[in-house]
Every structure is written in structure tokens, then in C-alpha cells.
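Work through the exercises below with the sequence and the model in view. Try each task before reading its solution.

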Amino acid sequence: MNDSPATADALGTPTASRPPTPRESSWAGFAAGALGLAVGSLVAAITDVIAPFDAVGTAVINVAPGWLERWAIDTFGTANKLVLRAGVLVVVLALAALIGRVMVRRRRVGLLGVVIVSTLGIIASVAGPDEGAGAAVPTVVGAVCAVLVMRVLLRPRHVEIPGRSRAPLGIDRRRAVVGTVGTFAGAFVAAMVGDGIRRSRVDDYRDTTAAALPPLDPSTGDDRPIDIDAFAGAGVDPSTPFITPIDDFYRIDTVLSFPRVEVASWRLTIDGLVDRPLALSYDDLLAMPQVERAITLCCVSNEIGGPLIGTAVWRGVMLRDLLDTAGINGDATQVFSTSADGWTCGFPVAAALDGRDALVALGMNGAALPLEHGYPARLVVPGLYGYVSATKWLERIELATWDREGFWIPRGWAREAPVKTQSRIGHPRNGERIDGGAQRIAGVAWAQGRGIERVEIRVDEGPWIEATLADDVSDDTWRQWTLDWTPMPGRHSISVRATDKSGDTQVEQRTPVAPDGATGHHTITVDVG
Ligand SMILES: Nc1nc2c(c(=O)[nH]1)N[C@H]1C(S)=C(S)[C@@H](COP(=O)(O)O)O[C@H]1N2
Ligand SMILES: [Mo]
């Protein structure tokens, strides 16, 4: 900021002065940027609006091209959001360092940089479906903080030179280092406090939503409750219990912080091409006949053998009952739904009416839906991948035509996406070293809507051998299978293929997950010692 020469060392003895080096100014920018981000996050936590950081990450998800998102889910799986956050952090701090460097010589250009970055933050923040102008405040406060701190860190020191006036000394290296480190420490504390506030808020919300649903009452038309622990075959494959515990249930969505829906004022709107639009409260839905169904849900992005699949006992209301009440207009071809976070998807009207158990689910595995899985209500449609059907934090079901496009469709995924027949080896694990002697190979196979007829295993280049199937709980759930095996020592490859009840056998040919789900056999390699 000041490069006029002066003289004095740290003790006040005159020496040659200098402006901050590019390195010092970059560090100052970096530290000030970190503080700005953290303060923004803290202010957002206090005022209960979206953190600028999350807002930018969400904006990246929304504008990213489909191939990039596919690559991210493919490469990082459910850790993709962690990677996204880290990416946003790196980019913002790199920009802050650059701005710090520019600021020393060209203050206005530096300030312009701050304005541009914060404008992006503000736009991203106020763009959220539930955010107002107040969401801009954290970014503004954070940016102002960052600029002020940067000025302090890069301010030249002045000395009183006897007999002369004040002379700028240039930057004091020690003070710059201490100031920069102190700023990082401040950023850390602000980030931690903000995070603590946010966590406790989510915990409070979780407590208010954890109330048990009223038990099913068959005398009022509800289903008989399913005894989750009593499912046959529950222990067939130790790595894959028949019902997936909530904590192990995969989670895929586009939000960085899930919406906290106010249940008292929440309504499920059913409108569009219907005779009688509906707006149903949570209690309205609970007052309708409740059904309980075990249904396997899976993600189109699940690689062969991958983890993005789970089976839960879903409890709620039949979608077709709701649509019957609303009265579907004959022109409707798509059931198009929207979530509280503005995510959308759609599936053919036929899938809601063809007799399958499409549900508006309020409960999962005997409790209210967990926040992560869509509280207060979500759709579950057996036989369709989640991205076309399973809207979490459900707010609106619109009867529409196919000119409406769900979130993933313009990003390169198929409009219609029935689940493909698939199978997975759960035990042993790929690459595992196992003892010789009697072994058991085990896993699951699924073809929701059609059901599993047969599962076969092939070891090395041997013949396909039929596995033993566990109980056939329903066509909408996966089916566990086992095969006893006494291997010879050495390395073996094991493959699995399933045949569904319509007679189709999984093809060997591998295709990628996009646009409508992977094909191919799951094959693992084990070393028998
Ligand atoms: N609101 C919302 N609902 C959503 C999504 C989303 O991104 N946002 N993702 C869908 C996808 S791609 C899948 S596979 C399922 C996953 O549901 P789960 O997270 O409960 O396993 O939710 C679906 N519902
Ligand atoms: Mo998905």
C-alpha cells in the first residue's frame, strides 16, 4: 500500500523500509479471506440463514454440467460433497490470496475483486428456495471484515523521526507474521462457533421431529405392522442384513444442508392436471389409511457391486389413493414432484396406477423419516431409480405432461428409468484373503417390480452354478442368496448373475451408469491361503 522509502529497524532505529513482499501480501489475503468466510458462516449461523459457503457449493451443484457431476459421484461416491466443500474452500482462499497481493499495489483493483467474489456469494445465498434478502447479510459482513483485516495486516508502520516528521517504515515483518497467524486463529474460532450453533440448531430440530408416529391400527384400515426383526434370511449374508439399518442406508441428494421443514405449516400440494387440487397437512396424511411395505431403493449412479442401495420398511399413504382423491385429468402423463429444496423429478402416471406400491412415505424402519431421508414426507416408487421418483422433503406433486423436466434430465440422464436386474457379492469381499476349507459365498440380487427367480455363481472359468435363494419377501425387495464353496488354494475370481421373474438374465456386457443404470456382472477376486 505504501512503498515510499523510510528508515528505522524494529527498535525504531532508522533502516531501509520496504513494502510487503508478494508473499506477505498473499498470506495476508489468504488469512483475511479465511476470516471473512468464517465470520460469514458465523453470522449465517446466528441469523439462521444459509452459510455463504454452502450457498456457493449448492450453486456449483446446480450449474455444473452433467458429466462433471457424474464424474464426481462416480469418483468420490457419497464423499462427493466433502470434496465439493474442499474445492470451494481452495478456490475462494486462492482468490483471497491473489486479491491480497493485488491490493498492495492497486487497491481499487483489489477492492473490485472483493466486490466480484462477494456478489457471487450474495447471488448464491439469496437464490435458495427458502432464502430472502437477509441471506445476503453474512456475505457482506464477511467481506467487510476481510477487507478491514487485510488493511490492518498490510498497513505500513510509521516512526517518529526526531527533528523530522513521521516517516512510513514499511511493513514490520514480525507484526505481519503475528497478525496473519492471529487472523487464522480468529477464523478457526469463528468457524468452530458457527458450526457449533448450526449443529445445536439441527439437534434441536431433530428432537422436535423424532416423535414416534402413531402406531398402525388395523381396526381403522391401517396395515398390520411389519415385524422388522422377524424377516427370514436376515442373517444369510452377514455384510448385508435384509433390512438396512438407517445409519447404513446410503444417502444421495443435491443439498449441502438439508431443509428443515416446519411441519405445522407444511402442506403437501397435489395439483396440475387434476380435478380437485389438494393441500394436505401432516395430520391429514396420518389420518388416512397407513400402509407399511418393505421396498428396496437404489440409485442409478450405483456402480456394479456398489453400495448405493438399501432396503427399508416404509410407512405412509398409497400414492394412488391421493391421486384418486384429486382426480387425474386424462391429459396427465407425468407425476412431477418438487422438494422443499427445489429439487424435481418425474415418472410416468402409469407407475402410480399400475398396482405397484408407490407411497408417500412418512416413516422408515419403524420411526418417522430421518431428516437426511426426507422428513416429513418423501416418495418411494418400487421399480424406479431414486432420481426419477424418490423425492425427499416432498412439497408438491403435480400432474403434468413430459415437457416438464426433472433436475437430472437436462444433465444427461434418461427420462424413464426402471431399475435394471442386478446382483452383488457381499461376502467374501473383493481382494480378501480367506482360509481354505468350506466357505460360503453370499450376497443380494434385485429386480424391483419383477422379483428374483434365480441367482448363479461362476468361479474362474467354470460353469454357472445355481445359488440357494433365501425367502422371497416381495418382488419389490432384494433377495439374499448363498452358495457353499470349498475352494482350492490360490487366486480365484467369483462372478454373480441374476435372472428376474420375467425371465431376463443379467447381461455380461459392462455399460456405464449413465444414462439409465449400469449393466454387467459383479466379479470379485479372492486369495485362498
Ligand atoms: N429433494 C431431493 N430428493 C431426492 C434427491 C435429491 O437430490 N433431492 N435425490 C434422489 C436420488 S438420486 C436418490 S438415489 C434417492 C436417495 O434417497 P436416500 O438418500 O434416502 O437414500 O433420493 C432421491 N430424492
Ligand atoms: Mo440416485
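Domain bounds here come from an automatic or database domain assignment. The model is predicted, so local features need pLDDT of at least 70 and side-chain atom pairs count only at pLDDT 80 or more, while totals for chains, interfaces and linings use all residues. Residues are numbered from 1 along each chain as its sequence is written, chains are lettered from A and ligands numbered from 1 in the order in which they are written, and side-chain values use heavy atoms, with hydrogens and water left out.

**Exercise 1. Domains**

Task: State how the protein chain is divided, and give the distance between the C-alpha centres of domain 1 and domain 3.

Solution. Step 1: domain 1 covers 20-155 + 172-205, domain 2 covers 218-411 and domain 3 covers 422-528. Step 2: between the C-alpha centres of domain 1 and domain 3 there are 47 Å.

**Exercise 2. The span of helix 7**

Task: Check whether the end C-alpha atoms of helix 7 (residues 173-209) are as far apart as expected, then describe its buried residues.

Solution. Step 1: helices (H or I, at least four residues) and strands (E, at least two) are DSSP runs, numbered from the N terminus. Step 2: the expected span of a helix is 1.5 Å times one less than its number of residues. Step 3: helix 7 has 37 residues, so it should span 54 Å, and its end C-alpha atoms are 54 Å apart, in agreement. Step 4: a residue is buried under 20% relative accessible area, exposed over 50% and partly exposed in between (1.4 Å probe, protein chains only). Step 5: the buried residues of helix 7 include Ala176, Thr180, Ala187, Gly194 and Tyr205. Step 6: with contact meaning heavy atoms within 4.5 Å, the cover over these buried residues includes helix 1 (22-47), helix 6 (137-154) and strand 10 (367-368).

**Exercise 3. Aromatic pairs**

Task: Classify the ring pair of tryptophan 27 and phenylalanine 30, and the ring pair of phenylalanine 30 and phenylalanine 184.

Solution. Step 1: rings of Phe, Tyr and Trp (its six-membered ring) pair if their centres lie within 6.5 Å; planes under 30 degrees apart count as stacked, over 60 as edge-to-face and the rest as tilted. Step 2: this rule gives twelve aromatic pairs. Step 3: tryptophan 27 and phenylalanine 30 are 5.5 Å apart centre to centre with 25° between the planes, a stacked pair. Step 4: both residues belong to helix 1 and are three residues apart, about one turn of the helix. Step 5: tryptophan 27, at 44% relative accessibility, is partly exposed, and phenylalanine 30, at 28%, is also partly exposed. Step 6: phenylalanine 30 and phenylalanine 184 make an edge-to-face pair, with 5.2 Å centre to centre and 85° between the planes. Step 7: this pair links distant parts of the chain, since phenylalanine 30 is in helix 1 and phenylalanine 184 is in helix 7, 154 residues apart. Step 8: phenylalanine 184 is partly exposed at 26% relative accessibility.

**Exercise 4. The sheet with strand 12**

Task: Give the strand order of the open sheet that contains strand 12, then describe the pairing of strand 12.

Solution. Step 1: two strands pair if DSSP finds at least two bridges between them. Step 2: the five strands have the order 4-3-12-7-8, with mixed pairing. Step 3: strand 4 (278-280) and strand 8 (344-348) are the edge strands, each pairing on one side only. Step 4: strand 3 (residues 268-272) and strand 12 (residues 394-400) are parallel, with four bridges. Step 5: across this pairing, glycine 272 stands opposite leucine 399, and aspartate 271 opposite glutamate 398. Step 6: strand 7 (residues 334-339) is antiparallel to strand 12, with six bridges, and serine 339 stands opposite leucine 394. Step 7: five of the seven residues of strand 12 are buried, so this strand is largely enclosed by the rest of the structure.

**Exercise 5. Strand 6 and its partners**

Task: Describe how strand 6 (residues 309-318) is covered and paired.

Solution. Step 1: ten of the ten residues of strand 6 are buried. Step 2: strand 5 (residues 291-298) runs antiparallel to strand 6, joined by eight bridges, with isoleucine 295 opposite alanine 312. Step 3: strand 9 (residues 359-364) is also antiparallel to strand 6, over five bridges, and valine 317 faces valine 360 there.
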